[in-house]
Amino acid sequence: MAGPAPLNKKTIVKKRTKKFARHQADLFMRIRDSGWRKPKGIDGRVRRRFKGALPMPSIGYGSDKATRNIHPHGFKTVVVANVSELEMLMMHNRTYAATVAHSVSSRVRKLIVQRAEQLAIRVTNGVAKLRTEDDA
């Protein structure tokens, strides 16, 4: 199940791991857990980027192209729903890992995991829905 080692050896560096807070989200309970929305007001300090105001998302916070969309295990992931979709990862098994789709049955899931072992493709959720019941 472990499969091959990832091809990319570069360490993943995130420029910012904290979520961007919505302007005045700390003042109102109804927007406390909402995501970022760009301020649109004419006098807004955040929109005008005053010193001491909340930071706004910009293109400079983007990840390095070589490590973008790479998971901590070192692979990019592709959602796979059947065995034939797994075949396209055959030549890219050191760059991409397969993730079995949520709606796949346990019978087809077993076939996908078996074929992935033959092709040396890493499956991120290979043990899901495959647990056997204990006869007690």
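These legends go with a set of close-up views of a predicted model.

**View 1. The nonpolar core and who builds it.** Start with the inside of the model, where the largest nonpolar core counts 14 residues. Those with the most contacts inside this core are Val 80, Leu 86, Leu 89, Ala 98, Val 104, Ile 112 and Ile 121. Three elements, β1, β2 (96-100) and α2 (106-119), each put in at least two core residues. Helix α2 gives the largest share of the core, with 4 residues. If you want to find your way around this view, β1 covers 76-80.

**View 2. A salt bridge between two helices.** The structure has 2 salt bridges, and this view shows the one that joins Arg 115 to Glu 87. Their closest N and O atoms sit 2.9 Å apart. Arg 115 belongs to helix α2 and Glu 87 to helix α1 (residues 83-87), so the bridge ties together parts that are 28 residues apart in sequence. How accessible are the partners, Arg 115 and Glu 87? Arg 115 counts as partly exposed at 25% relative accessibility, and Glu 87 is partly exposed too, with a relative accessible area of 26%. As a bit of background, side chains of opposite charge can pair when their charged atoms come close.

**View 3. A salt bridge ahead of β1.** Here the side chains of Asp 64 and Lys 10 meet, with 2.7 Å from N to O. Both Asp 64 and Lys 10 are in the segment before β1, yet the pair links distant parts of the chain, 54 residues apart. Asp 64 is partly exposed, at 32% relative accessibility. Lys 10 is partly exposed as well, and its relative accessible area is 48%.

**View 4. A patch of positive charge.** Over on the surface, Lys 38, Lys 40, Arg 47, Arg 48 and Arg 49 gather in a patch of positive charge. One of them, Arg 49, turns up again in the next view. Arg 49 lies in the segment before β1 (76-80) and is exposed, because its relative accessible area of 56% is over the 50% cut-off.

**View 5. Two residues with positive phi.** Most residues other than glycine have a negative phi. Which way does phi go at Arg 49 and at Asn 69? Arg 49 has a positive phi of about 60 degrees although it is not a glycine. Asn 69, not a glycine either, has a positive phi of about 65 degrees. Arg 49 is found in the segment before β1, and that segment holds Asn 69 as well. Asn 69 is exposed, with a relative accessible area of 62%, while Arg 49 counts as exposed at 56% relative accessibility.

**View 6. Ala 128 and His 102.** The last close-up looks at a pair separated along the chain: Ala 128 and His 102 are 26 residues apart in sequence. How far apart are Ala 128 and His 102 in space, C-alpha to C-alpha? The distance comes to 9.3 Å. Ala 128 has its place in the segment after α2. As for the surface, Ala 128 is partly exposed, with a relative accessible area of 26%.

Methods: Residues numbered from 1 in each chain as written. Predicted model: local features only at pLDDT ≥ 70, side-chain atom pairs only at ≥ 80, totals over all residues. Heavy atoms only, no water. Patch = residues over 30% accessible without salt bridge, like charges linked within 9 Å, V, L, I, M, F, W, Y side chains within 5 Å. Areas by Shrake-Rupley, 256 points an atom, 1.4 Å probe, with all protein chains shown as cover. Salt bridge = Lys/Arg side-chain N within 4 Å of Asp/Glu carboxyl O. Lys, Arg positive; Asp, Glu negative; His and termini not counted. Charge placed at Lys NZ, Arg CZ, Asp CG, Glu CD. Buried < 20%, exposed > 50% of the residue type's maximum accessible area, 1.4 Å probe, protein only. Core = buried A, V, L, I, M, F, W, Y, C linked by side-chain atoms within 4.5 Å.
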